[in-house]
Every structure is written in C-alpha cells, then in structure tokens.
Amino acid sequence: MKAPLDLRHVASLALRDLIHLAHHPDFDRVQDQINRIRGCTRPVQLVGSTETRDASTNAVLRTYTTADEPTGRLLTACGNRRASRCPACSRLYAADTYHLIKAGLSGGKNVPETVRTHPRLFVTLTAPSFGPVHNRRTTDAGENLACRCGTRHPADDPALGTPLSPATYDYAGAVLWNAHAGALWARFTTYLRRELAAHLGMTQKALNAALRVSFAKVAEYQRRGLVHFHAVVRLDGPEGSNEPPPRWATADALTHAVTEAAERAVLTVTSDAIGERRLTWGDQLDIREIVALGDGELTDQKVAAYVAKYATKSAEDSGTVDRSLRCAHCAGRGYQCGPDGFRDLCDECEGTGQSELIADLPVHSHVRQMIRTAWNLGHLPEFAELKLWKWAHMLGFRGHFSSKSRRYSTTLGALRDTRRTWRTEQARTADDRPELDEETTLVVSHWQYVASGYSPGEELLAAQVRHDIAQAERLKAEGEPWL
C-alpha cells in the first residue's frame, strides 16, 4: 500500500493539485478530457449519466457515468466564439465559419461545385461619419501622410479613430447607428431585391420565381467604435445553390443593385431628448467580384479566410471591454424591490446599475464616452426596447456578428453534428465497442451543472495544451488556413 503524499513542502496550490492528479492511476483520462476540449479557457463541469437502451425491449446496452471519472465530473467546452474569452473555442468557431463560407463559394457540404460559376460579390458596407477623427493615410508607395491634426500617426497610435473634436462629435448618433445596424442591413437586403428587379425590368414576383439572392455576412468593428459589414452576395436559381441563375442575371446587374440599395436604405430615429437622426450607410462602399479560379485578389479561399477571421472578433478590438457592465443582482436597474413592494437601492452596485463603474474602466476616453452614451440612452423610455444599457460594452451594437441566408450553404449546426458523429465513431473504434443502430436505440441522459473552470492543477495542464496548439499553428506551413 502506497503511503499518502506529503505535500506540505509544496507552496504552490496549483502544483500540489497537479501532483495529486499525476499520482492518480487514471491520470491519462484527466489529460484526455482537457485535450478533447483543446484547453478551453473556462470549461463547463457536469455530473450525471447516460444510458443507451434498446427501443423495443428497454434493455440497457451501454452506460456512462461521471462517477467513473477520476475527478468525478465531465469537462465540456464553453463554446464561446470570442477569441478574447476562449482561444480554443473561438478557433473551432472560426474553422466552422470558414467551411460554411467556402462551401457557399466553392461547393462541398452538400453544395455542388458548380456554385463557383454563379455571380458572386464581396461587399463591404461601412458606417457614415459622425465627426472627423484622427486617421492614418498613406500613399501607394507606403508613405505615411499627415492627419488633419498635422501629426503623422504610427500604425499603433491609440489616437487613431478618436474624434478631432470630442465636444462636437455626435456620440448619440454613433451609438444609435450601431444599435440599428442590423435593421439597416435587413432594409438593405430588401432594397437589393427591389433594385435588382427594377434594373432587369421585371416585377419582384417574377424575379423571385427566376432567381434567389443568397448571402453570408460578418460584422467588424472599426477603430472609431462603429461596425461595418463584410458580405458575400451570390445569385442562384430559384431553388438555391443547386441550380444556376438565368444568364441575364450577371455580376454587373448585381453590382448595380448593391450600389442602389446601399444608397436607398435609410432609417429615421426620433427622440425628444436628442432630436431626429437619419441613419444611412457610409460613403465608403466597396464592391468586388469574387473570381472562381486563379490567383486573383479575391479567390474563394481568401474570402472565406477573411470572413472567418472576423467571426471570432468583437467590440474589444475597438478598445472596449469584452463583458457586460450590468449589475447581476439588479439587472442594471440600480434598485431591487423589497418584500414590502418598495424599491431599494441595490447594495451591490449602490444604485448605479453597473457591475463596474464606467468612469473607472481602463479604456480610451472616446470609448468611455460611447459606453456612457449607450448606457444613458438605454434608460430613456423611447429607447427602452433597444436595451442599450445591456449592450453598452458593445458600444450599442446588439446584432449577430455572423449570419447567412437560409440556402447560402450548410449550417453551423450541421457542421457540429458531423464533428460529433465523427468523434463518437472514433471513440467507439478506440474502445472496440459494437456499433449501435440509432433508429433502434434510445439515449437517456441526466446531467447537472456543477461549476465552470478548472481545478488549479488542471489549469496548468490546460495552459500547456493551449501552448502546444499555438506553437503548432505558428509552425504550420501556409496553406488551408483553418484546417
């Protein structure tokens, strides 16, 4: 019988825990769990069991319980898409996004390869100006030109994107534009179909019967704190990617429709507190055709990699924080209702409604003013439905960072199901277990959430996994960027 470990001389709690784990007879299973979730930054801990039964006889064919795990629990990935929160899960999300976008450009994942012959554009829609900002202009030769302020800003200058005159900058307009960017995109897609029909000299009903407009987009924050959209826009036959559009539906016609739709898409917001704001797209509209083959600037692979790169980024790239500022106890209201029905100031936030005081955030003054503006506008009755105080850390933007039309290509859910099936088959083959027929079996599961995160020793193992993955990616030769 082994003597118990004496770790009183080990000062580090993490090291103590790691030594305990390393002496466990099933330590390989501990490492296997962490490797399987690729060192997820904050995994979900579950306890429970799963039984696979015969659907006709109810006989138990296979069982799994976390009681058999070395730590008594199962680690599952957090699934956060943000690179700033979980590099491991965001990398997987980016890979799925890459394959989703590329399938809609080159085929695969139940999309025919003939889709690459359809008219396809890569469109960038930007936000308008809400006041002059510091910028960095360069010549074609790469020479850095002076900004309006007279300074030649370096590329990493924190002043880039900030207002030249903060006192006159339209912060309310900027926040409201972010808040309505998703609705403005929806209006753009509506006008796109209308303009395409008008350009081709036909009714919308006739257009819808002859072709379909498919798209996939991703949002990106500019340094000034405003979002813009990168989108793949494609023309298909009426049933989608499985059939080509009519020959008269060309890339030139689609380019004309995009240009006109971007100009016509307008939203008007009115408030007694800030007056009227007319929300439009910016003047910088970029439309480029995606080439099917060759080494052009915009190939299928380059576009897919570009979109996937931004799918895991968020508002923190513009200098803000990556967490909500709502007080969790009062949900940002600043008060709680007592048993007597009266409102009492929240003890946790002292009535501010903020989990962290906006004035104390370690951000640039421009970003802080956008956060403060979003917070204040969100508490106005006329903007209550926008819940801007909830999205203040996102500078008002509350839409999806990536989205697609229904028949653009496959779905993220389908990609995850395929990966899950593959992993299940790999595990079955490794354990030499018999294959079960999904149509004649029933899986009964009972799971309970325990906590999030690792034990101190597991965190050391996860850090090593993340380091090994990052090192392998750095050494990987250029090629398919998300494989």
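Colleague: Where does N110 lie?
Modeller: Helices are DSSP runs of H or I with at least four residues, strands are DSSP runs of E with at least two, and both are numbered from the N terminus. With those labels, N110 lies in the loop between α3 and β4.

Colleague: What kind of model is this?
Modeller: Residues are numbered from 1 along each chain as its sequence is written, and side-chain values use heavy atoms, with hydrogens and water left out. Local features need pLDDT of at least 70, side-chain atom pairs count only at pLDDT 80 or more, and totals for chains, interfaces and linings use all residues, since this is a predicted model.

Colleague: Is N110 buried or exposed?
Modeller: Buried means under 20% relative accessible area, exposed means over 50%, and partly exposed is in between, with a 1.4 Å probe and protein chains only. N110 has 80% relative accessibility, so N110 counts as exposed.

Colleague: What is the phi of N110?
Modeller: Most residues other than glycine have a negative phi. N110 isn't a glycine, yet its phi is positive, near 75°.

Colleague: And L395, what is its relative accessible area?
Modeller: L395 sits in the loop between α8 (365-378) and β12 (402-404). L395 also has a positive phi, about 60°, without being a glycine. Unlike N110, which counts as exposed, L395 is buried, its relative accessible area being 0%.

Colleague: Let's zoom out. How many of the residues of the protein chain, in percent, count as buried?
Modeller: The protein chain holds ten helices and 13 strands. Its C-alpha trace spans about 85 × 60 × 60 Å along the principal axes. Of its 483 residues, the share that counts as buried is 43%.

Colleague: How many salt bridges does the structure hold?
Modeller: A salt bridge here is a side-chain nitrogen of Lys or Arg within 4 Å of a carboxyl oxygen of Asp or Glu. By that rule, the number of salt bridges is 18.

Colleague: Which residue forms a salt bridge with E458?
Modeller: E458 belongs to helix α10 (residues 456-475), and its partner is 385 residues away, in the loop between β2 (60-65) and β3 (74-76). With 2% relative accessibility, E458 counts as buried, and the partner is buried too, at 11%. The closest N and O atoms are 2.7 Å apart, and the partner is R73.

Colleague: How far apart are the closest N and O atoms of D322 and R323?
Modeller: These two are part of a network of salt bridges that links R85, D322, R323 and E356. D322 is buried, with a relative accessible area of 14%, whereas R323 is partly exposed at 33%. In their own salt bridge, the closest N and O atoms are apart by 3.7 Å.

Colleague: Which residue forms a salt bridge with R466?
Modeller: R466 counts as partly exposed, with 23% relative accessibility. Its partner counts as partly exposed as well, at 29%. Their closest N and O atoms are 2.7 Å apart, and the partner is E459.

Colleague: What charge does the surface patch of D340, D344, D347, E348 and E350 have?
Modeller: Patches take residues with over 30% relative accessible area and no salt bridge, joining like charges within 9 Å and nonpolar side chains (Val, Leu, Ile, Met, Phe, Trp, Tyr) within 5 Å. Areas come from the Shrake-Rupley method with a 1.4 Å probe, and only the protein chains shown count as cover for residues. Each charge is placed at NZ of Lys, CZ of Arg, CG of Asp or CD of Glu; Lys and Arg count as positive and Asp and Glu as negative, with His and the chain ends not counted. E348, one of the patch, is exposed at 55%, and the charge of the patch is negative.

Colleague: Which residues form a positive surface patch?
Modeller: One of them, R36, is placed in helix α2 (residues 27-36). R36 is partly exposed, with a relative accessible area of 35%. The full set is R36, R38, R423 and K476.

Colleague: Last one: which residue's backbone oxygen lies 2.9 Å from a polar atom of the side chain of N144?
Modeller: N144 has its place in the loop between β4 (120-125) and α4 (171-199). At 17% relative accessibility, N144 counts as buried. The backbone oxygen 2.9 Å from its side chain belongs to H153.

Conventions:
Polar contact = N/O pair within 3.5 Å; in protein donor to acceptor, adjacent residues only side chain to side chain.
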